[in-house]
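Please look at the sequence and the structure together before reading on. The report that follows takes a few residues, ring pairs and sheets in turn.

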Amino acid sequence: MRRFFQDSLLLLTLLCLGLDCGPVQSAEWKKHVVHTGVHTVNAVAADFTGDKKVDIIANSGGKTRLFVGPDWTETIIESDPAHSCIHSEFLDVDRDGDLDWVGARYQPGLVYWLECPKKPLKQAWKFHLVDDQVNGIHGLLKGDVDGDGRPDLLANSAQPVGRFPNSLAWLKVPRRPRKADRWHRHIFASGDAPGLSHYLGFGDVNGDGRPDAASGAKGGPTDKTKMGNWFAWWEAPKDPTRVWTKHLLADNQPGATNIMPADVNGDGKTDFIATRGHGVGVLWFEAPSFRIHEIHKTLKEPHCLVVTDMDGDGDIDAATCGYGSKEAWWFENDGKGRFTNHLIGSNQESYDIRAVDIDGDGDLDILIAGRGSQNVVWYESPLK
């Protein structure tokens, strides 16, 4: 009888190699609720209070809320309906040793930072302008663009109107950011990112030692240019303050939103992992021809993406949450670009996602800003 079951298991395994047998059921990801009751589209996690524990900042309902870990006690650090943000980031803007928060409003475009005070739970977080000319900001990403060892910000100017229509920009922190009127703005994709561009990717694509950028444009009925539904990357020149060279990866990609560079199959070349966040599906582009491989063909509206080594085995994995399907997933890479899809949780909407070790146990958890779910949640990783 034992031999019968062993043979049956072997047969089932062989069949699953050739058929779509659905998600592999892994250990449970425990869901923790940080905040409920408010439409939330952004959340970031880091130690903002200096107690060596991870906190969370989310902007929702016209308020910027600091949730102090591990109990998630809420403190309002700014309250201004005019500063409702679609995306956020964090970095030590003024280089004083603590982390400041950066927010971006979609339209009319606004990027600003809140200065973390010495006593972040008792003192006011001062407002500082970063930029108010890029318009239609649906991507906000930090990265060292000019190689000076200090983080910059990348943002898109997705609207086909305004001073910089259909463009992408990077913003450099001024020498004295507390006193500066705004940051130094550089338009690196000048008018050649039409169709309502979304999130930005950042990394060296062509191996020349300079970081490049990528984006996707969702298209759809609100795209007045009718020039969306694409993924592309921009090649950085020696002087990154000049206009960069655009390379189209694929068109006819309805709902294209996220794209991030990474060596997916371990061949030393930079590939891309992407999602059609206003459409259907998760995919990756294999360099050098950038052939498309589907990772999850049916996930609806995966409007977020994180690309990192989720399970600590040395290769690049990914995770997302489809707000149409109301499912969070992570995609386990075998190191050769073959993915096993694992369900993290159901009945959860999203808009943004982060991979952070929230509980300090050495593995990466998943933080989700739940749009239609009106919540901020994190899923505790069982992968350690």
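## Surroundings of T40

Leaving aside its neighbours within four places in sequence, T40 is in contact with A58, N59, S60, Y351, A369, G370, R371, N375 and V376. These contacts belong to a predicted model, and the values below are computed from it. T40 itself has its place in strand β2, which covers residues 40-46. With a relative accessibility of 1%, T40 counts as buried, because buried means under 20% relative accessible area. A polar atom of the side chain of T40 lies 2.9 Å from the backbone oxygen of V38.

Two of the residues that touch T40, namely G370 and N375, appear again in the description of a sheet. N375, in β28, is the bridge partner of G370. The strands concerned are β27 (residues 365-370) and β28 (residues 375-380), which run antiparallel and are joined by five bridges.

## Two open sheets

The strands β27 and β28 belong to an open sheet of four strands, which has the order β1-β28-β27-β26 and antiparallel pairing. At the edges stand β1 (30-36) and β26 (352-356), and each has a single partner strand, so one side of each is left without a neighbour in the sheet. On average, and with direction ignored, neighbouring strands of this sheet are turned by 20 degrees against each other.

Another open sheet of four strands follows the order β22-β23-β24-β25, and its pairing is antiparallel. Its edges are formed by β22 (306-308) and β25 (339-346); because each of these has a single partner strand, one side of each is left without a neighbour in the sheet. The twist from one strand to the next averages 20 degrees. Within this sheet, β22 pairs with strand β23 (residues 317-322) in the antiparallel sense, over three bridges, and T308 stands opposite D317 in β23.

## E89 and the aromatic rings

Which residues does E89 touch, not counting residues up to four places away in sequence? They are V44, D100, W101, V102, L140, L141, K142, L153 and R354. E89 has its place in strand β6 (residues 87-91), and at 4% relative accessibility it counts as buried. Along the chain, E89 and W113 are 24 residues apart, while their C-alpha atoms are separated by 9.1 Å.

One of the residues touched by E89 is W101, which also takes part in a ring pair. A search of the whole structure finds seven aromatic pairs. In the pair of W101 and Y112, the ring centres are 5.9 Å apart and the planes stand at 65 degrees, so the pair is edge-to-face. Since W101 lies in strand β7 (residues 100-105) and Y112 in strand β8 (residues 110-115), the pair ties together parts that are 11 residues apart in sequence. W101 is buried, with a relative accessible area of 0%, and Y112 is buried with a relative accessible area of 0% as well. Ring pairs link W101, Y112 and F127 into a cluster.

## Lysines over rings

K142, another residue in the list of contacts of E89, has its charged end over the ring of F90. The table sets this case beside that of K246, which lies over the face of W230.

| Lysine | Ring | Distance from the ring centre |
|---|---|---|
| K142 | F90 | 3.5 Å |
| K246 | W230 | 4.5 Å |

Key:
Residues are numbered from 1 along each chain as its sequence is written. This is a predicted model: local features need pLDDT of at least 70, side-chain atom pairs count only at pLDDT 80 or more; totals for chains, interfaces and linings use all residues. Side-chain values use heavy atoms; hydrogens and water are left out. Two strands pair if DSSP finds at least two bridges between them. Axes are lines fitted to C-alpha atoms, for helices over the stretch in contact, and angles run from 0 to 180 degrees between N-to-C directions. Buried means under 20% relative accessible area, exposed over 50%, partly exposed in between (1.4 Å probe, protein chains only). A polar contact is a pair of N or O atoms within 3.5 Å; within protein, one must be able to donate a hydrogen and the other to accept it, and residues adjacent in sequence count only if both atoms are side-chain atoms. Contact means heavy atoms within 4.5 Å. Rings of Phe, Tyr and Trp (its six-membered ring) pair if their centres lie within 6.5 Å; planes under 30 degrees apart count as stacked, over 60 as edge-to-face and the rest as tilted. A charge sits over a ring if NZ of Lys or CZ of Arg is within 6 Å of the ring centre and within 35 degrees of the ring normal.
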